[in-house]
Amino acid sequence: MAQSKTRAKVMNMVYGLGAAVVILGALFKIMHWPFGNEMLILGLCTEALVFTVSAFEPVDEGYDWSLVYPELAQGSAAITSPRKKEVVIEETKDAQGMLSKKLDDMLRDAKVDAALMTSLGDSIRNFEGAAKGIAPTVDAMASQKKYSQELTTAATQMETLNSIYKVQVESASRQAEINKAVAENAGKLKAEMDSLTQNLASLNGVYGGMLTAMHGQRRA
């Protein structure tokens, strides 16, 4: 075991050094440094030598895990022994028979028999028939619900229209009041204009009389 570890360490060192020489040779060649060709040849030859040595490296035997896990050895022996195969098959059959017997006993204790299974099947079929009978009722309820929703929507829209009509009526009433006030103001304005016209006519008469009197005094 110690020799195997030493050999593995030496081979790892050889692999590492050989790879380093190859990388240096490739670097010299890529960078066009002096002696680039020689370094590349040296690296490739070193790598070829390393691969040649590794070809003759002995292969370590795998670990015998049966020493750690004895069950592995017993399993292998059971597979290779025909007699043990038969024993395993018989034990498996016995276990299956015992399991089936226990299951039968459990069903018998629970009073689960053919009549109960038949009754259960009939109940399932009756439930299926009832479900099919309920389906039209469910459809009718869905239609009624949809109709109710449509009525609610129509009522909401009607309330909206009523609100709009109320606003329009109020606007028309306010407009009528405004028109009435304008008419009243127009009447008052006309009366004021008539009074002003009369006052102007009276003033013109007085002014005319004054002018006539002034002309009479000048002649005298």
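Contact here means that heavy atoms lie within 4.5 Å of each other. With that in hand, the predicted model can be explored through helix α2 and two of its residues, Glu 47 and Ile 41.

Glu 47 makes a good starting point. This residue sits in helix α2 and is buried, because its relative accessible area of 19% falls under the 20% limit. Once neighbours within four places in sequence are set aside, the contacts of Glu 47 are Gly 18, Ala 19 and Val 22.

The helix around Glu 47 deserves a look of its own. Helix α2 covers residues 36-55; from first to last C-alpha, its 20 residues reach 29 Å, close to the 28 Å expected at 1.5 Å a residue. Joining Glu 47 among the buried residues of α2 are Gly 36, Gly 43 and Val 50. Viewed down the helix axis, the buried residues of α2 fall within an arc of 60 degrees, so they line one face of the helix.

Turned away from that buried side is a face of α2 with the exposed residues Ile 41, Leu 49 and Ala 55. Ile 41 counts as exposed because its relative accessibility of 52% is over the 50% cut-off. The C-alpha atom of Ile 41 is separated by 9.3 Å from that of Ala 26, a residue 15 positions away along the chain.

An annotation rounds out the picture. In an unreviewed entry, UniProt lists residues 12-33 as a "transmembrane region". In the model, this span is 86% helix and 0% strand, and its end C-alpha atoms lie 29 Å apart.

Technical notes: Residues numbered from 1 in each chain as written. Predicted model: local features only at pLDDT ≥ 70, side-chain atom pairs only at ≥ 80, totals over all residues. Heavy atoms only, no water. UniProt positions renumbered as here; feature names shortened; annotations may be inferred. Helix = DSSP H or I, 4+ residues; strand = E, 2+ residues; numbered from the N terminus. Buried < 20%, exposed > 50% of the residue type's maximum accessible area, 1.4 Å probe, protein only. Expected span 1.5 Å × (residues − 1). Arc of directions from axis to C-beta.
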